[in-house]
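Subject: Handover of a structural model

Dear colleague,

Please find below the model that I am passing on to you. I should be grateful if you would keep it open beside this message while you read.

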Amino acid sequence: MNYELIQVRTEAGKVGLITLNRPKQLNALNDQLMTELGAALQAFDADEAIGCMVITGSEKAFAAGADIGAMAGYSFADVYKGDYITRNWETIRSIRKPVIAAVSGFALGGGCELAMMCDFIIAADNARFGQPEIKLGVIPGAGGTQRLPPRGQAKAVDWADRP
């Protein structure tokens, strides 16, 4: 498959590396990017030589959230009937091999939720996670309300154990 919004390669013949590639939009997640990401993950999952996959972005942004501009014209009925979030966002949950989020820069909103969908998160010193949509009275639509508490609890315990 030809990809426009992601870059795909293998490392050492065993690791599938997927780089989100919408630099002007800080890797904002739109329908096409999520469909391409799902297809790349499924291809690596089916390849017996691949042992795990890594999803990454740029140094400035892993993914700055869902592409709000792309969703601006959608009504509730459009989103509901088109199964907008789960249609291609949940593909990552069907992947049987380990998926690692290598996060640098912003991982906000949908970008934070994408990272939390992965089995592991490796964060650079400059990584910034957040769910800013709550300030607009909108809930994290791709599972952030379910995925954040267990990860947050682990981080809280980690900080509590420090001298």
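The notes that follow set out what was found. Please bear in mind throughout that this is a predicted model.

**The sheet**

The model contains an open sheet of 5 strands in the order S1-S2-S3-S5-S7, and the pairing within this sheet is mixed. Strand S1 (6-11) and strand S7 (120-123) form the edges; each has a single partner strand, so one side of each lacks a neighbour in the sheet. On average, neighbouring strands here are turned by 20 degrees against each other, direction ignored.

S1 and strand S2 (residues 15-20) run antiparallel and are joined by 6 bridges. Within this pair, Val-8 lies opposite Ile-18 of S2, and Glu-11 has Val-15 of S2 as its bridge partner. The hairpin of S1 and S2 has 3 residues between the strands, and Ala-12 adopts a positive phi near 55 degrees there.

Elsewhere in the sheet the direction of pairing is parallel for two further pairs. S3 and S5 run parallel, with 4 bridges between them, and Val-54 stands opposite Ile-100 in S5. S5 and S7 also run parallel, again joined by 4 bridges, and here Ile-100 faces Phe-120 in S7. As for its surroundings, S5 is mostly covered, with 4 of its 5 residues buried.

**A residue in S2**

Is Thr-19 buried or exposed? This residue belongs to strand S2. Its relative accessibility is 13%, and because buried means under 20%, Thr-19 counts as buried. Apart from neighbours within four places in sequence, Thr-19 is in contact with Leu-5, Ile-6, Gln-7, Thr-56 and Gly-57.

**Helix H1**

Helix H1 (residues 31-46) packs on the sheet and touches S1, S2, strand S3 (52-56) and strand S5 (99-103). The direction of H1 makes about 15 degrees with that of S1. At the start of H1, a side-chain oxygen of Asn-30 comes to within 3.3 Å of the backbone nitrogen of Gln-32.

The length of H1 can be checked against expectation. At 1.5 Å a residue, its 16 residues should span 22 Å; the end C-alpha atoms are 23 Å apart, which agrees. The buried residues of H1 are Leu-33, Met-34, Glu-36, Leu-37, Gly-38, Ala-40, Leu-41, Phe-44 and Asp-45.

**The nonpolar core**

Which residues touch the most other members of the largest nonpolar core? They are Leu-41, Ile-55 and Phe-62, in a core of 28 residues. Two or more residues each are supplied by S2, H1, S3, strand S4 (61-63), S5 and helix H5 (110-117). H1 gives the most to this core, with 6 residues.

Ile-55 may be a convenient residue on which to centre your view. Not counting residues up to four places away in sequence, Ile-55 touches Ile-18, Leu-20, Leu-37, Leu-41, Phe-62, Ile-92, Val-99, Ile-100, Ala-101, Ala-102 and Cys-118. Among these contacts are two residues already met in the sheet: Ile-18, which stands opposite Val-8, and Ile-100, which stands opposite Val-54.

With kind regards

Conventions:
Residues are numbered from 1 along each chain as its sequence is written. This is a predicted model: local features need pLDDT of at least 70, side-chain atom pairs count only at pLDDT 80 or more; totals for chains, interfaces and linings use all residues. Side-chain values use heavy atoms; hydrogens and water are left out. Two strands pair if DSSP finds at least two bridges between them. Axes are lines fitted to C-alpha atoms, for helices over the stretch in contact, and angles run from 0 to 180 degrees between N-to-C directions. Contact means heavy atoms within 4.5 Å. Buried means under 20% relative accessible area, exposed over 50%, partly exposed in between (1.4 Å probe, protein chains only). The expected span of a helix is 1.5 Å times one less than its number of residues. A polar contact is a pair of N or O atoms within 3.5 Å; within protein, one must be able to donate a hydrogen and the other to accept it, and residues adjacent in sequence count only if both atoms are side-chain atoms. A nonpolar core is a set of buried Ala, Val, Leu, Ile, Met, Phe, Trp, Tyr and Cys residues joined through side-chain atoms within 4.5 Å.
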